[in-house]
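User: I'm new to this structure and would like a close look at one part of it. Could you pick a place where two helices meet and walk me through what is there?

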Amino acid sequence: MTTRTLYLFCSAAPPVFDVAHVIEDAQARGWDVCLGLTPTAAHWVAGSLDGLAALTGHPVRWQYKLPGEDDVWPAADALLFAPATFNTVNSWALGLTDRFVVGVAAEALGKATPAVAVPCTNTALAAHPRFEPSLAVLRGAGVEVLYGEGGFTPGPPGQDTPPHFPWQAALDAVGRAGTAQA
């Protein structure tokens, strides 16, 4: 069986704490997983970074490499950005690439790498006038956005952990996207 490479990118939202189980599930589905985090997400899971690197077999990345350094990851066959916070969704849609994972995700659009995003925000942020246009930009660029029915449904502000994050739907979607590309 040929192994496909999945870039799994996570923002700092409570579902990031499930990432080890998500990696194991993706690996069981035949993916070689490379984990990238926003700097805040890396801070949140700092105590697990070595274990996550051992689990994936690749360094966990949250910052750009220095000029002249070799890339330590194989090329991606698909990209899953989940959870993708309000800030991440807007940054990705606007092409603001100051964070490593957003920069790689933005570049993936130009490379036609199949991409799936699962926003994770609350109803107050989702009501912001920039959010829906950002989702539309990502969809228009070919990203499968799992938001609303069949994806992530936001809860009220102040709720620390969403009651359900659609990890299985996300992995199913990236599996379909990665298969269609192959």
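**Where α4 meets α7**

Analyst: Let's start with the two helices. The axes of helix α4 (residues 86–94) and helix α7 (residues 131–140) come within 9 Å and cross at roughly 55°. Because of that angle, α4 counts as oblique to α7. The crossing of α4 past α7 is left-handed. Keep in mind that this is a predicted model.

Now for who touches whom. On the α4 side you'll find F86, V89, N90, W92 and A93, and they meet F131, S134, L135, V137 and L138 of α7. Sorted by class, that contact has eight nonpolar residues, two polar ones and no charged ones.

W92 is a good one to follow further. W92 is among the residues with the most contacts inside the largest nonpolar core, along with L8, L35, L37, L79, L80 and F81. That core has 60 residues. As a bit of background, nonpolar side chains in soluble globular proteins tend to be buried together.

From W92 you can hop to L79, since the two turn up together again: leaving aside residues up to four places away in sequence, L79 touches W92 as well as L6, Y7, F9, A105, A108, T113, P114, A115, V116 and V174.

Just before α4 in the numbering, have a look at strand β3 (residues 78–84), where P83 is found. A82 and P83 are joined by a cis peptide bond, with omega about -10°.

Technical notes:
Residues are numbered from 1 along each chain as its sequence is written. This is a predicted model: local features need pLDDT of at least 70, side-chain atom pairs count only at pLDDT 80 or more; totals for chains, interfaces and linings use all residues. Side-chain values use heavy atoms; hydrogens and water are left out. Axes are lines fitted to C-alpha atoms, for helices over the stretch in contact, and angles run from 0 to 180 degrees between N-to-C directions. Helices (H or I, at least four residues) and strands (E, at least two) are DSSP runs, numbered from the N terminus. Angles under 35 degrees count as roughly parallel, over 145 as roughly antiparallel, 65 to 115 as roughly perpendicular and the rest as oblique. A crossing is left-handed if the near helix is turned anticlockwise from the far one by less than a right angle, and right-handed if clockwise. Contact means heavy atoms within 4.5 Å. Ala, Val, Leu, Ile, Met, Phe, Trp, Tyr, Cys and Pro count as nonpolar, Asp, Glu, Lys and Arg as charged, and the others, Gly among them, as polar. A nonpolar core is a set of buried Ala, Val, Leu, Ile, Met, Phe, Trp, Tyr and Cys residues joined through side-chain atoms within 4.5 Å. Buried means under 20% relative accessible area, exposed over 50%, partly exposed in between (1.4 Å probe, protein chains only).
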